[in-house]
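Trainee: I am about to look at this structure for the first time. Could you walk me through how its chains meet?

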2 protein chains.
Amino acid sequence: MSQYLLIKKVYETKPVDQTVIVRGWIKSLRQSKKFSFMVVNDGTTQKDLQIIVDGTLGNYEEVVKLTIGSSVEVEGLLVASQGKQPVEMQAKRVHIYCLNAEDYPLQKKETSLEYLREIAHLRSRTNTFSAVFRLRHELAQATHQYFSNESFAYLHTPIITASDAEGAGEMFRISTLNLDKLPRGEKGAIDFKQDYFGRETFLSVSGQLEAETFAVGGLGRVYTFGPTFRSENSNTARHLSEFWMVEPEAAFFTLEDNAQLATGYVKHLIKHAMEKCGDELEFLASRYAPENLKTLEHVMNSPFEMVTYTKAVEILQESAKTHKFEYPVSWGMDLQTEHERFLAEVYFKRPTIVTDYPKDIKSFYMKLNDDGKTVRAMDVLVPGVGELIGGSQREDNYERLTKRMSDLKMDPTNYWWYLDLRKYGSVPHSGFGLGFERAVMYISGMTNIRDVIPFPRTPKNAEF
Amino acid sequence: MSQYLLIKKVYETKPVDQTVIVRGWIKSLRQSKKFSFMVVNDGTTQKDLQIIVDGTLGNYEEVVKLTIGSSVEVEGLLVASQGKQPVEMQAKRVHIYCLNAEDYPLQKKETSLEYLREIAHLRSRTNTFSAVFRLRHELAQATHQYFSNESFAYLHTPIITASDAEGAGEMFRISTLNLDKLPRGEKGAIDFKQDYFGRETFLSVSGQLEAETFAVGGLGRVYTFGPTFRSENSNTARHLSEFWMVEPEAAFFTLEDNAQLATGYVKHLIKHAMEKCGDELEFLASRYAPENLKTLEHVMNSPFEMVTYTKAVEILQESAKTHKFEYPVSWGMDLQTEHERFLAEVYFKRPTIVTDYPKDIKSFYMKLNDDGKTVRAMDVLVPGVGELIGGSQREDNYERLTKRMSDLKMDPTNYWWYLDLRKYGSVPHSGFGLGFERAVMYISGMTNIRDVIPFPRTPKNAEF
């Protein structure tokens, strides 16, 4: 019996003049009475395998009826080829697993990305989406490799939580209460003590606070890579209700160390993608974003710019004299995507790390600067996308942190365990968050975030 | 300025006679007027660093007041040592970040695992939990490496779902509806069309069905590694409401291929753990499970036994003549943990893969055998734990699958996309699920599942 080879392995080892078995799905066909060409792929590589089936084959009357998307096993001789790929196969035996009917939704060569979202269970069968998801896989592998090499331990922070890490309040409630018989307390309020967890619980918006507990005094350096959730009603090409986030957190890291870690991570992602997914990146660039490879090369080889928020505002105000912004810029406001992109694309022409934002537009846990007005925050802006990473050095001073929480009317008793980190063994520490889908968009060149996650969750959409 | 080194790197590179900087937390202390010994760890290794501080040091009056858990930066000369570790440090400068007060909860040498669960935000500071979580990290790395090497792509299946993959119904509801103003439809039923996703949604119990959509016709081989949820009211040492699951799914895999993949995975986990976490495994074994390393060696070096369910029942019935079981065994019933452990621990004395279970005790999607009574299921049983992995070849025949669903009174319209995989390009395919915490328990030797996940979620418990 011949050896079964993944098509990826066929191209890696090129065992020309050997008879092997491949299995896969038919991407395209040219049939005639004398012979047929089948183009087959098994999903492990961007490269298809061309198979020639001679009309003398035993079951040729079945082969000639094959349709696109049908599944086959083919035993055949691999031979060198002058075609698009260096090898092709001469079939000796064709076994048909499943002959597709005419109503197969992917018959047509060109199908819109919008239509493919409606059949997301089949879209990984297209060249575009198999490329995107192999790339996504490699970016995930690169993430684990990078942080592991930097001595960060992968940490699974809880998804179900009673605390609101960002204080933003846009959370999904989790419950097993019977909605038709909600238990009520004395004053008629719902009695969450009777709910599954004995309290009101939500889907986590970030694992940062829990990650800090492991960084400070525990493992020193940790990172999360897990799903996070926002229930905001945003129906845009950049927002998902469920998305994956990477959140490193490191004891003894200053904001500068943090910026260096983020820079190294972004560059590693690109480098790894280019090494492992050259075919995928080329295909996606040719189809959707012709300039993408050049942009990625540039990012990989440029030092990232660092600029304070205050300086960035000055630059934007000066630039507004010649460049038209939709929103005028003033100190104290959050930067809009148009401003972020201007800084990275037009002004500095490379990834830009903006630091030391006004405290009033940033989260409670960020370390206050001595000016009393700004915090040790950083946003990493990249050309084409805008903000890719947001992070900060954390407030490690107990008094300053509780003061800040009370200014924001937060109840410190809900954060007793978080405050403990500032009482016991407190050290300078920093971390950041990267929205993984934003990174996949950025590196793939895809422009809708729904096209880089297997089954997107957005308002009014939880199909599949 | 001297180089800052993680303590892990100190032991990897042993730069004796060099002056370096380390940062960490004090694990133990011996102080006197003339000199002090501090044992310091930074969480990156099981090995502590001993530091000798001479009484002549500038701020010695502060050093002599240091307490356990306090955080320090020490610059000093590394010297060879005859002590427990091969190097120690002679301090030249000690900087104190935070001096711990006397109420630090981890002062005492011995604290119970139960008590530590109540301060889970601090327990990674103990030798036990830093070992467990470094091991957990390495097992996660090993998982990604193993499946990536086997050409499986990492897939992020959705957490929020409208379908019940197992048909077991023990799911958490997700909603943003205002519980005090629930929208009602015509007949008074709650109108989930007005909920965030426009339908009733839950936390996923498995990513398998979605993974199948990517395996069949798409990427060919995929695996998930993400959180899954059960709302059953089980307060045991083996159950969590939120846990991480690894679910590979492969096109063209028979049950035998599946069993081989599972065997290779378990062995790889153990091998990787032994290579990367020798110190951690030794520490945990010495403290909690003296026989554990021997067991792991044995599993790594043994072929796994394969036995059908029918044969296993015969063995158990025969064994019941001399071995007392709490539950008697008869064909058709699900095996209890005592039976599973008997097979793996007493009868075969090695990991045992039981196959071809009665269809009535298994899920709807498992492939029916020609006997019409059993399905191509497999459970991997390991000594000490019982079931570690459950999997199956999937039913790939459209008629058989819809027949089975209708027998079980399932509505096929809810599974239209899952059924499409049997209409278009259907192929034999298989997969399995491994409860990641079970694997961490098994390899660490810890006996309570709450002690191998950072922040356990169980009935009435969602603290931190």
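## How the two chains meet

Mentor: Happily! Start with an open sheet of 6 strands, ordered 8(A)-10(A)-9(A)-9(B)-10(B)-8(B), with antiparallel pairing. Keep in mind that this is a predicted model.

Trainee: Which strands are the edge strands of that sheet?

Mentor: Look for strands that pair on one side only. The order of the sheet begins with 8(A) and ends with 8(B). The edge strands are therefore strand 8 (160–161) of chain A and strand 8 (160–161) of chain B.

Trainee: How many bridges join strand 9 of chain A to strand 9 of chain B?

Mentor: In the sheet order, 9(A) is followed by 9(B). Both strands cover residues 173–175 of their chains, and they run antiparallel. Ile174(A) stands opposite Ile174(B) there. The number of bridges joining the two strands is 3.

Trainee: What is the bridge partner of Ile174(B) in strand 10 of chain B?

Mentor: Strand 9 of chain B also pairs with strand 10 (residues 201–203) of chain B, in the antiparallel sense, over 2 bridges. In strand 10 of chain B, the partner of Ile174(B) is Thr201(B).

Trainee: Which residue of chain A has the C-alpha nearest the axis that relates the copies?

Mentor: A rotation of 180° with 0.0 Å of shift along its axis superposes chain A on chain B, with an RMSD of 0.0 Å. The two copies are therefore related as by a two-fold rotation axis. In chain A, the C-alpha nearest that axis lies 2.4 Å from it and belongs to Ile174(A).

Trainee: What percentage of the contact residues of chain A recur in chain B?

Mentor: Here, 110 residues of chain A are in contact with 110 residues of chain B. The same surface serves both copies, and the share that recurs is 100%.

Trainee: How much area do chain A and chain B bury between them?

Mentor: The size of an interface is often given as the accessible area lost when the parts come together. Of the area buried between chain A and chain B, 61% is on carbon and sulfur atoms. The total they bury is about 9,200 Å².

Trainee: Which helix gives the largest share of the side of chain A that touches chain B?

Mentor: Between the two chains there are 4 salt bridges, and one of them joins the side chains of Glu463(B) and Arg199(A) at 3.6 Å, N to O. By class, the side of chain A that touches chain B has 52 nonpolar, 33 polar and 25 charged residues. The largest share of that side, 9 residues, comes from helix 4 (residues 127–149) of chain A.

Terms used
Residues are numbered from 1 along each chain as its sequence is written. Chains are lettered from A and ligands numbered from 1 in the order in which they are written. This is a predicted model: local features need pLDDT of at least 70, side-chain atom pairs count only at pLDDT 80 or more; totals for chains, interfaces and linings use all residues. Side-chain values use heavy atoms; hydrogens and water are left out. Contact means heavy atoms within 4.5 Å. Buried area is the accessible area (1.4 Å probe) that two parts lose on being put together, summed over both. Helices (H or I, at least four residues) and strands (E, at least two) are DSSP runs, numbered from the N terminus. Ala, Val, Leu, Ile, Met, Phe, Trp, Tyr, Cys and Pro count as nonpolar, Asp, Glu, Lys and Arg as charged, and the others, Gly among them, as polar. Copies are superposed by least squares on the C-alpha atoms of residues with pLDDT of at least 70 in both.
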